[in-house]
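Got the viewer open? Load the model, switch on side chains, and follow along one selection at a time.

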Amino acid sequence: MENSEAGDLPILSLLALFRSPGSIILLNLFVAAVRCDIPTTLEGPFEPVTVPFDTSLRGIAVDLPDTDPRVRRLVEGFEPEQISVSLSVSHDSVWISWITGEFQIGDNIKPLDPKAVSSIVYYGTSESELVHEARGHSLIYSQLYPFEGLQNYTSGIIHHVQLAGLEPRTIYYYQCGDSSLQAMSDIYHFKTMPASSPQSYPDRIAVAGDLGLTYNTTTTIHHLINNQPDLFLLIGDVTYANLYLTNGTGSDCYTCSFPETPIHETYQPRWDYWGRFMQTLVSKVPMMVVEGNHEIEEQAFNRTFVAYSSRFAFPSEESGSSSTFYYSFNAGGIHFIMLGAYIGYDKSAEQYKWLQRDLASLDRSITPWLIATWHPPWYSSYVAHYREAECMRVEMEELLYSYGVDIVFNGHVHAYERSNRVYNYSLDPCGPVYITVGDGGNREKMSNQFADEPGKCPDPSSTPDPYMGGFCATNFTSGPAKGKFCWDRQPEFSAFRESSFGHGILEVRNDTWALWTWYRNQDSGNKVGDQIYIVRQPDLCPVRQMMKPSKFMWRSSS
């Protein structure tokens with residue numbers, strides 16, 4: 001950086017922002033960012049950047065076969081497998097989940113009896129002294145099709161056990177299963193989240209979406225594990241089991257290959273393969289999931305999302321939600337809101353009313369950071385799913401903006417994009433930064449076309465998702481794209497976009513500074529694809545105040 005008076009003027013104007021009491025830490029972070037050439041949102045909005053597409057990357061999203069040793073069943077009898085950890089609403093509680101027994105698929109399936117195996121976890125702070133015991137509940141689910149020739153499925157026994165009374169930032173060892181059947185797991189461990197405080201945060205939070213189970217997925221997870229996250233957010237589209245027929249025949253495009261099927265089939269064993277592959281990560285690192293469109297999985301009696309709602313443990317009840325589609329939790333000084341795009345979200349819907357209560361109960365002096373996630377993005381410049389979730393944006397954006405959401409994570413579009421701060425399609429220093437990370441590596445491959453390219457703007461009538469319902473995406477009424485359905489250049493809200501597989505890491509440093517880093521699969525080591533400090537400005541952007549405690553406040557997990 002040149003040391004000239006003219007060159008220093010932008011820096012001096014930014015440093016003026018730090019002339020408040022207690023700003024030394026912020027000043028040091030800012031200086032460090034400048035010296036390392038890491039941009040900050042204080043310098044934005046940024047001119048849009050598009051990284052050219054590497055055509056060599058498109059053909060490598062191939063699913064792991066059922067013969068791959070990483071997806072094979074390695075346990076016997078009722079020994080636990082597919083072991084995972086997820087969080088409750090606060091640091092003092094987690095959920096341990098696992099599966100026992102074998103799934104069945106075919107014409108004559110007989111569901112296992114969940115009562116045949118106990119759901120027990122022994123745990124403690126020493127590997128040699130698992131002195132605590134917790135018991136939970138178990139269930140099975142079935143995927144049934146009322147059509148001749150389609151194979152039905154019934155799962156192994158799924159167990160969920162809640163551990164409570166845990167200390168913050170503490171490593172706990174655990175063993176799960178049923179000792180009376182000599183069916184116990186190996187000993188695993190996890191680390192609890194820090195207590196909620198403006199000075200306390202997880203070190204690293206991994207974020208990915210649209211994973212599937214391809215060879216590219218394995219690269220994503222390998223790189224993610226090497227970054228040693230404390231928490232993993234999975235932003236929908238988990239296994240892509242619905243790219244298969246019930247006989248195990250798969251395709252990159254279901255509707256292209258199987259247009260005549262009487263119902264959209266799935267091959268549910270892909271869920272079991274995915275759970276086995278992911279156990280290395282999620283038996284140690286808590287994973288929090290929100291549903292995507294590939295989890296719909298329609299079956300008999302119009303039932304949907306059954307595998308998703310059965311296999312994962314959610315802190316729904318603890319956070320005042322009546323649904324697995326939306327819930328919230330704390331991780332240190334961060335409050336996370338997980339929203340459902342495939343359930344009612346309008347102002348009369350229960351989800352919207354829950355969101356109002358949840359936001360109104362926040363105390364930003366304890367959890368300064370507010371991060372929201374849902375699957376389909378509101379702000380994306382790709383052709384794929386362009387403005388598909390516009391009705392959801394129309395209903396919910398003002399509420400989230402009024403409470404000062406800092407960051408939004410989305411998936412769905414199989415590429416990466418980071419926005420400038422934006423609200424209602426206008427650049428706004430108090431709007432969230434929207435980050436699309438639907439680039440986890442799934443079989444449908446990458447999105448690599450932009451709606452602002454000549455001839456690529458979608459027909460407005462083709463944009464609504466039939467499952468989400470509604471049509472709200474009309475021509476823009478203001479701004480550079482006024483009178484048009486698409487921009488004729490990269491939109492000003494889009495700061496950076498690239499079609500590559502990868503994952504992101506969020507490192508919240510204090511109550512106003514967080515470092516976001518996106519890593520591409522084709523890179524090795526610590527090479528960075530995109531990086532920025534996201535800086536909160538609570539003095540510039542006041543938010544609604546917390547309401548008085550009520551019956552809608554979180555229930556204690558202790």
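A disulfide here is a pair of cysteine sulfur atoms within 2.5 Å. Keep in mind that this is a predicted model. By that cut-off, the structure holds four disulfides. Number the bonded cysteines in sequence order and the pairing reads 1-2, 3-6, 4-8, 5-7.

**Stop 1: cysteines 430 and 541.** Select this pair and check the sulfurs, which sit 2.1 Å apart. The dihedral about the S-S bond is -80°, making the link of cysteine 430 and cysteine 541 left-handed. Cysteine 430 is in the loop between β23 (426-427) and β24, and cysteine 541 is in the segment after β28 (530-535), so the bond ties together parts that are 111 residues apart in sequence. Is cysteine 541 buried or exposed? Cysteine 541 has a relative accessible area of 15%, and the cut-off for buried is under 20%, so cysteine 541 counts as buried.

**Stop 2: cysteines 391 and 472.** Here the S to S distance is 2.1 Å. The angle about the S-S bond is 100°, and the link of cysteine 391 and cysteine 472 is right-handed. This one links distant parts of the chain, 81 residues apart: cysteine 391 belongs to helix α8 (residues 390-402), while cysteine 472 is in the loop between β24 (433-437) and β25 (494-498). Colour by accessibility and you'll find cysteine 391 buried at 10%, whereas cysteine 472 is partly exposed at 29%.

**Stop 3: cysteines 457 and 486.** Their sulfurs are joined at 2.0 Å. With 80° about the S-S bond, the link of cysteine 457 and cysteine 486 is right-handed. Both cysteine 457 and cysteine 486 lie in the loop between β24 and β25, so the bond ties together parts that are 29 residues apart in sequence. Cysteine 457 is partly exposed, with a relative accessible area of 35%; cysteine 486 is buried at 6%.

**Stop 4: asparagine 442.** Stay in the loop between β24 and β25, where asparagine 442 is found. How accessible is asparagine 442? Its relative accessibility is 0%, so asparagine 442 counts as buried. Draw a distance from the side chain of asparagine 442 to the backbone nitrogen of glutamate 444 and you should get 2.7 Å. Next, show what asparagine 442 touches beyond four places away in sequence: Ala61, Asp210, Leu211, Gly212, Thr214, Thr217, Tyr240, His414 and Phe501.

**Stop 5: helix α3.** Two of those contacts, Thr214 and Thr217, lead to the next selection. Threonine 214 caps the N-terminal end of α3, with a side-chain oxygen 3.1 Å from the backbone nitrogen of asparagine 216. Now select residues 215-226, the twelve residues of α3. At 1.5 Å a residue, α3 should span 16 Å; the end C-alpha atoms are 17 Å apart, so the two agree.

Which residues of α3 are buried? They are Asn216, Thr217, Thr218, Thr220, Ile221, His223 and Leu224. As you look down the axis, remember that an α-helix has 3.6 residues a turn, so residues three or four places apart point the same way. To see what covers the buried residues of α3, switch on elements including β14 (205-208), β15 (231-234), α5 (269-282), β26 (502-508) and β27 (513-520).

For a last click, pick glutamine 228, which follows α3 and has a positive phi, near 50°.

Definitions and conventions:
Residues are numbered from 1 along each chain as its sequence is written. This is a predicted model: local features need pLDDT of at least 70, side-chain atom pairs count only at pLDDT 80 or more; totals for chains, interfaces and linings use all residues. Side-chain values use heavy atoms; hydrogens and water are left out. Helices (H or I, at least four residues) and strands (E, at least two) are DSSP runs, numbered from the N terminus. The expected span of a helix is 1.5 Å times one less than its number of residues. Buried means under 20% relative accessible area, exposed over 50%, partly exposed in between (1.4 Å probe, protein chains only). Contact means heavy atoms within 4.5 Å. A polar contact is a pair of N or O atoms within 3.5 Å; within protein, one must be able to donate a hydrogen and the other to accept it, and residues adjacent in sequence count only if both atoms are side-chain atoms.
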